[in-house]
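Biologist: Could you walk me through this fold at the bench level? I'd like to look at it with you first and then ask about the details.

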Amino acid sequence: MLVDGVALADRSQGWRVRLDQRLRLLPYVALAASTALVVLARDTPELVRQPLPASLVAAVVTAAWLWQSVVRGPVFFVGLLTLVAALIWTNPLYGFFAWTGYLFVLHELRGRWRLLGAAALGVCTAVSQVGGAGAVRVPDNWGTLAVVVVLNVVIGTAMTHLAITTRDHHAQRAEMVRLLEESNDKLAAALAENAGLHAQLVVQAREAGVLDERQRLAGEIHDVLAQGLTGIVTQLEAAEQADGRPADRRRHLGSARRLARESLAEARRSVQALRPTSLDAATLPDALADVVDGWSARHGVAAELITTGAAQPLLPEIESALLRTAQEALANVAQHAGADRVALTLSYLEDLVTLDIRDDGTGFDPGAPLPRADDGGYGLLAMRERVRRIAGTLAVESEPGGGTAVSACVPAISLDGSRDGSRAGSAAA
């Protein structure tokens, strides 16, 4: 919740302005009231005073001194203190006006001079309270004067000190309000900036999701359609070459029809972003075994699957990625390797699952640029992207004439969210 620092500052400033305006009028009101009392009490015999004209002249000069704005600061206060003393000398009733001098102590003086100014005003008011300058000249009044001076000085300086403390606290509060206003402005700017960044991140995340989905679909289409069509073409070509062998021709045509049906079913499921159909009713080792047996039967190449470790059900995304990697690797072997034997090893470790596909084919130089294949050359890139999306790694080792080894390593995250799938399975057993 943001605090309206501007409103607080405006209210505080407005209150101070109104108070200052009223305090500026107070000395004139007090001077006028004191002068009125002097005029009304001009015939009172108890007062020790100077002639009325002297009091009026001193009052006019004091009003003019208050009105002028050229001389300010300590000089102004000394002049005002002198005029207060002169007024009290002409008539002690001006002691009522003397009290307003404390208003100027805070405005015109600084530091310890404020307390000294308050003490001087206390002496002046004490003189007015004992009867004026004439009473001070009487020795019998000195004791009373001393007591009254002490009281006025103590009270005056205490009030001044309290006013100074209050003024300092007000200044601190005003500074806090100013800092709060700056903090609110910075916070509002930060919130606006964060809102813009959030909107930008949402757009970037949406674009990244779209790109990732396009890459996934591209890989799925390549794995399903390209591999299926390649197999179908291979079987049809073999059927054409078996015109004189009806049994072989029927076998190749049957394999082509089966591949077409499987590819169609897989394509439909891939569009819906589901796991391969072969994983719906079988474990990953069983699905891989079916893929290896089917591939070996179609291409006449010896292939075997070896499973090590305790097989555990993994997340569908992980099992699907491993199965697709095996399919792509086998398709590459059939298309490029010319191998006589292929071995797949599925290993369940404590927190990893690895799939190794090795063949004894012609091999290639992994460091050399690969020629673009008829199907777009998407094989190795598709495998790497697919494994990377599930936080795995893919390594390829090969050399001309030395065969090829493809190794996929993925996290062993089970269906219950456990990272250590094999260990969880052992504990359950």
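Biologist: Which residues are linked with Arg178 and Glu182 in a network of salt bridges?

Modeller: First, this is a predicted model, where local features need pLDDT of at least 70, side-chain atom pairs count only at pLDDT 80 or more, and totals for chains, interfaces and linings use all residues. Residues are numbered from 1 along each chain as its sequence is written, and side-chain values use heavy atoms, with hydrogens and water left out. A salt bridge here is a side-chain nitrogen of Lys or Arg within 4 Å of a carboxyl oxygen of Asp or Glu. By that rule, the residue linked with Arg178 and Glu182 in the network is Glu175.

Biologist: How many salt bridges does the count come to by this rule?

Modeller: Side chains of opposite charge can pair when their charged atoms come close. With the rule applied, the count comes to 7.

Biologist: What is the distance, N to O, in the salt bridge of Arg251 and Asp248?

Modeller: Both residues lie in helix H9 (residues 246-271), 3 residues apart, or about one turn of the helix. Helices are DSSP runs (H or I, at least four residues) and strands likewise (E, at least two), numbered from the N terminus. Arg251 is partly exposed at 44% relative accessibility, and Asp248 is partly exposed at 25%; the term covers what falls between buried (under 20% relative accessible area) and exposed (over 50%), with a 1.4 Å probe and protein chains only. Their N to O distance is 3.9 Å.

Biologist: Glu385 and Arg388 form a salt bridge too; is Glu385 buried or exposed?

Modeller: The closest N and O atoms of this pair are 2.6 Å apart. The two sit 3 residues apart in helix H12 (residues 379-389), about one helical turn. Arg388 is partly exposed at 46% relative accessibility. Glu385 comes in at 19%, so it counts as buried.

Biologist: Now the sheet. In what order do the 5 strands run?

Modeller: It's an open sheet with mixed pairing, and two strands pair if DSSP finds at least two bridges between them. Strands E1 (302-308) and E4 (393-398) stand at the edges with a single partner strand each, so one side of each is left without a neighbour in the sheet. The order is E1-E2-E3-E5-E4.

Biologist: Which salt bridge partner does Arg341 have?

Modeller: Arg341 lies in strand E2 and its partner in strand E1, so the pair ties together parts that are 37 residues apart in sequence. Arg341 is partly exposed, with a relative accessible area of 44%. The closest N and O atoms are 2.9 Å apart, and the partner is Glu304.

Biologist: How many bridges join E3 to E5?

Modeller: Let's go across the sheet. E1 and E2 (residues 341-348) run parallel over 7 bridges, while E2 pairs with E3 in the antiparallel sense over 7 bridges, with a hairpin of 3 residues joining the two. One position to find between E3 and E5 is Leu355, whose bridge partner in E5 is Ala408. E3 and E5 run antiparallel, and the number of bridges is 8.

Biologist: How many of the 8 residues of E3 are buried?

Modeller: In E3, Asp359 is the bridge partner of Val342. The strand is mostly covered, and the number buried is 6.

Biologist: Which residues touch Thr160, not counting those up to four places away in sequence?

Modeller: Thr160 lies in helix H8 and is buried, with a relative accessible area of 5%. Its C-alpha is 6.8 Å from that of Ala118, 42 residues away along the chain. Contact means heavy atoms within 4.5 Å. On that basis the residues are Tyr102, Val105, Leu106, Arg114, Leu115 and Ala118.

Biologist: What accessible area does the nonpolar surface patch with Met159 have together?

Modeller: Met159 is in helix H8 (residues 142-240) and is partly exposed at 48% relative accessibility. Patches take residues with over 30% relative accessible area and no salt bridge, joining like charges within 9 Å and nonpolar side chains (Val, Leu, Ile, Met, Phe, Trp, Tyr) within 5 Å; areas come from the Shrake-Rupley method with a 1.4 Å probe, and for residues only the protein chains shown count as cover. Trp99, Val147, Leu151, Ile155 and Met159 form the patch, with a joint area of about 470 Å².
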